[in-house]
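Please work through the following exercises on charged side-chain pairs and burial. Each task is followed by a solution in steps.

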Amino acid sequence: MTPEAVKANWRKICDFENASKPQRIEESTGSIIGVLSKIDSDGGVSANHTSHAASSKATSGSGEAVGHKLPSFSSAYTELETIMYALGVGASVKEPKDLKFIYEGHSDFSCLPTFGVVIAQKSVMSGDLVEIPGLSIDLAKILHGEQYLELYKPLPRTGTLRNETVVADVLDKGSGLVILIDVYSYSGKELICYNQFSLFLVGSGGIGGKRTSDKVKEAVAIPNRHPDAVLTDTTSLNQAALYRLSGDWNPLHIDPNFAGLAGFNKPILHGLCTFGFSARHVLQQFADSDVSRFKAIKARFAKPVYPGQTLKTEMWKEGNRIHFQTKAQETGNIVISNAYVDLVPTSDVLAKTPSEGEELQSSLVFEEIGRRLKDVGHEVVKKVNAVFEWHITKDGSVAAKWTVDLKNGTGKVYQGPAKGSADVTITLSDEDFIGVVLGKIDPQKAFFSGRLKAKGNIMLSLKLQTIFKDYAKL
């Protein structure tokens, strides 16, 4: 940007015929981020040679920041937190597929994949950002520009994860700096999920730092065709008030006076709340709400949403990548852009052994019951007359499914969900299953304490005690 370049383009600079007219701060910032993204894709902008001194200083400062580790922290959660999050991003009893996210007694109770962001968000909300060396960060000037989340296995329904945070890179976008914060979440030594927060620091750029990085999880433009699917959800007027209970206490989303100071006429919805709505739509439409199909999500936050507005998620399927953008239906504004969800191929899900390579004790019992049914199956079927589907969990996640068919023929035991409909579905851990079989755990007490969960005609499950009594010596 030289005086000569300005002079050569003066007529274009003064032409306001097609100018945008932002009315609020967030509209101006959204436009800036959009233009900067276009500049990056067109090859960037070189710095004026007169900024050499500032450039050297900035480069050394950002170099000191890159690789800096923020304090590690732990995130503990129970079913309560995962249910509260699911409700915060629009899961509802109105949608049958959502029940597994909001009812802890559901046979396939699951944690929404995007809860992985909540686990990691303390790294950018605790104030530790101001301690990054080489950077002068004003928390009031930080915008959450983009988000990437990748899961390496479904999130446990409860757990405590250890989080390690590092400054992956610092980019100079001219009107501001982009700080890439990587957060790795572990259960013990096992990496469960990875987040990249892309934070835009308004007014701190233009000092000659590098503009691009191979560490960026890039946003991707949507296909140039009509969407393959569209889902809508109307947010509640209390949506932000509910979502903030998942840990984002920024008064911008609840206090009208604070929102007014920030240039909004009323509190706005959290961008990560809209993010959660969108991901849930994609999972519902293209993965039958199966969390084991979720691999990763990337999204760019474009414009704010007000509680009460309707979110419209437009989706395009290209292989195992689902591109999407989300609009506020009332205004037509794109609020999440250049986004996608990567799904695990169905074949890969089926190819995984249910126990993730670990031998489950319960498997031995099911196999032995199957062998014994060959001799006494006819008699047992007459006594029981029911099909039981078992969901065996390990470390809070379903590790194997077994079906005990004591209704048809001479009975049958096989791995997997019931081929027809199950009369009773029972969920409990591998360890507790063995305890019940051996008579060390009372199944009724386990049920009322929540360790054993059952749905369907649960009275039929009482007949199983006869079977377990017969085979307790296993």
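The exercises below concern a predicted model.

**Exercise 1.** Determine how many salt bridges a search of the whole structure finds.

*Solution.* The criterion is a side-chain nitrogen of Lys or Arg within 4 Å of a carboxyl oxygen of Asp or Glu. A search of the whole structure on this basis gives 20 salt bridges.

**Exercise 2.** Characterise the pair formed by Arg 157 and Glu 79, stating which parts of the chain are tied together.

*Solution.* Step 1: the closest N and O atoms of Arg 157 and Glu 79 are 3.4 Å apart, and the two residues form a salt bridge. Step 2: Arg 157 is located in the loop between strand 2 (142-151) and strand 3 (159-172), while Glu 79 belongs to helix 5 (residues 79-88), so the salt bridge ties together parts that are 78 residues apart in sequence. Step 3: with a relative accessible area of 10%, Arg 157 is buried. Glu 79, at 23%, is partly exposed.

**Exercise 3.** For the salt bridge between Lys 312 and Glu 314, give the separation of the closest N and O atoms, then classify Lys 312 and Glu 314 by accessibility.

*Solution.* Step 1: the closest N and O atoms are 3.9 Å apart. Step 2: a residue counts as buried under 20% relative accessible area. Step 3: Glu 314 has a value of 8% and is therefore buried. Lys 312 has a value of 26% and is partly exposed.

**Exercise 4.** Locate the two partners of the salt bridge between Asp 423 and Lys 407.

*Solution.* Step 1: in this salt bridge the closest N and O atoms are 3.4 Å apart. Step 2: Asp 423 lies in the loop between strand 13 (412-415) and strand 14 (424-429), and Lys 407 in the loop between strand 12 (397-406) and strand 13; the pair links distant parts of the chain, 16 residues apart. Step 3: Asp 423 is partly exposed, with a relative accessible area of 21%, and Lys 407 is partly exposed at 36%.

**Exercise 5.** Identify the residues that are linked with Arg 280 in a network of salt bridges.

*Solution.* The network links Arg 280 with Asp 98 and Asp 233.

**Exercise 6.** Is helix 14 largely enclosed or exposed?

*Solution.* Step 1: the buried residues of helix 14 are Asp 430, Asp 432, Phe 433, Ile 434, Gly 435, Val 436 and Val 437. Step 2: helix 14 (residues 430-437) thus has 7 of its 8 residues buried, so it is largely enclosed by the rest of the structure. Step 3: helix 14 is followed by Gly 439, which has a positive phi near 80°.

Key
Residues are numbered from 1 along each chain as its sequence is written. This is a predicted model: local features need pLDDT of at least 70, side-chain atom pairs count only at pLDDT 80 or more; totals for chains, interfaces and linings use all residues. Side-chain values use heavy atoms; hydrogens and water are left out. Helices (H or I, at least four residues) and strands (E, at least two) are DSSP runs, numbered from the N terminus. Buried means under 20% relative accessible area, exposed over 50%, partly exposed in between (1.4 Å probe, protein chains only).
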